[in-house]
Amino acid sequence: GFTAAQVSEHSTSSDCWTIINGEVYDITSYISQHPGGNVITEACGVDGTTAFNTQGGEGSHSPTADALLSSFKIGTLAN
């Protein structure tokens, strides 16, 4: 697994890892495709669970978004 400290080292739009629901994702390649624009970069290097689960406070992501997210999983958050 990865630590939160390791994830925090990937905090830019050109190297973006995030934590969502205890899983670690490398979403770098998806940033330019994100329908919500660059708001996704706010999750780079940090726990983006709340932002993802609430779609930035606007509701929730679709099942399609959930499935797409799974394709970016690189590991699990270590305790």
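These legends walk through several close-up views of one predicted model.

Residues are numbered from 1 along each chain as its sequence is written, and side-chain values use heavy atoms, with hydrogens and water left out. Because the model is predicted, local features need pLDDT of at least 70 and side-chain atom pairs count only at pLDDT 80 or more, while totals for chains, interfaces and linings use all residues.

**View 1. The four-stranded sheet.**
Start with the sheet, an open one of 4 strands in the order E1-E2-E3-E4, with antiparallel pairing. Its edge strands are E1 and E4 (73-76), and each of these pairs on one side only. Strands (E, at least two residues) and helices (H or I, at least four residues) are DSSP runs, numbered from the N terminus. Two strands pair if DSSP finds at least two bridges between them. E1 and E2 are joined by 2 bridges, E2 and E3 by 4 bridges, and E3 and E4 by 3 bridges. In the last of these pairs, look for Glu 23, whose bridge partner in E4 is Thr 76.

**View 2. The hairpin of E1 and E2.**
Here E1 (residues 11-12) meets E2 (residues 15-20), and a hairpin joins the two through 2 residues. Which residues of E2 face Ser 11 and Thr 12? Ser 11 has Cys 16 as its bridge partner, and Thr 12 stands opposite Asp 15. Thr 12 is partly exposed, with a relative accessible area of 39%; here buried means under 20% relative accessible area, exposed over 50%, and partly exposed in between (1.4 Å probe, protein chains only). By contrast, E2 is largely enclosed by the rest of the structure, because 5 of its 6 residues are buried.

**View 3. The turn at Asn 21.**
Follow E2 onward and you reach a hairpin with E3, with 2 residues between the strands. Asn 21 sits in this loop between E2 and E3 (23-26). Most residues other than glycine have a negative phi. Asn 21, however, has a positive phi, near 50°. Is Asn 21 buried or partly exposed? At 49% relative accessibility, Asn 21 counts as partly exposed. Elsewhere in the same two strands, Trp 17 has Asp 26 of E3 as its bridge partner.

**View 4. His 10 and Cys 44.**
His 10 lies in the loop between helix H1 (4-8) and E1. With a relative accessible area of 16%, His 10 is buried. What does His 10 touch, leaving aside its neighbours within four places in sequence? Its contacts (heavy atoms within 4.5 Å) are Asp 15, Cys 16, Trp 17, Cys 44 and Gly 45. Cys 44, with neighbours within four places again set aside, is in contact with His 10, Ser 11, Thr 12, Cys 16, Trp 17 and Ile 31. Next door in the sequence, Gly 45 is 33 residues along the chain from Thr 12, yet their C-alpha atoms are separated by 7.5 Å.

**View 5. The largest nonpolar core and Phe 52.**
In soluble globular proteins, nonpolar side chains tend to be buried together. A nonpolar core is a set of buried Ala, Val, Leu, Ile, Met, Phe, Trp, Tyr and Cys residues joined through side-chain atoms within 4.5 Å. How many residues does the largest nonpolar core have? It has 11, among them Cys 16, Ile 20, Cys 44, Phe 52 and Leu 69. Phe 52 belongs to helix H2 and is buried, with a relative accessible area of 13%. Not counting residues up to four places away in sequence, Phe 52 touches Ile 20, His 61, Ala 65, Asp 66 and Leu 69. From Phe 52 to Glu 23 the C-alpha to C-alpha distance is 12 Å, with their places 29 residues apart in sequence.

**View 6. The largest pocket.**
This pocket has a volume of about 560 Å³. Among its 23 lining residues, the closest to the centre are His 34, Ile 40, Ala 51, Phe 52 and His 61. E2, helix H2 (49-53) and helix H3 (63-70) each give two or more residues to the lining, with the largest share, 4 residues, coming from H3. A pocket is an open set of points on a 1 Å grid over the protein atoms alone where a 1.4 Å probe fits, with protein on both sides within 12 Å along at least five of seven lines; lining residues have an atom within 4 Å of a point. The volume is the space filled by probe spheres set on the points.
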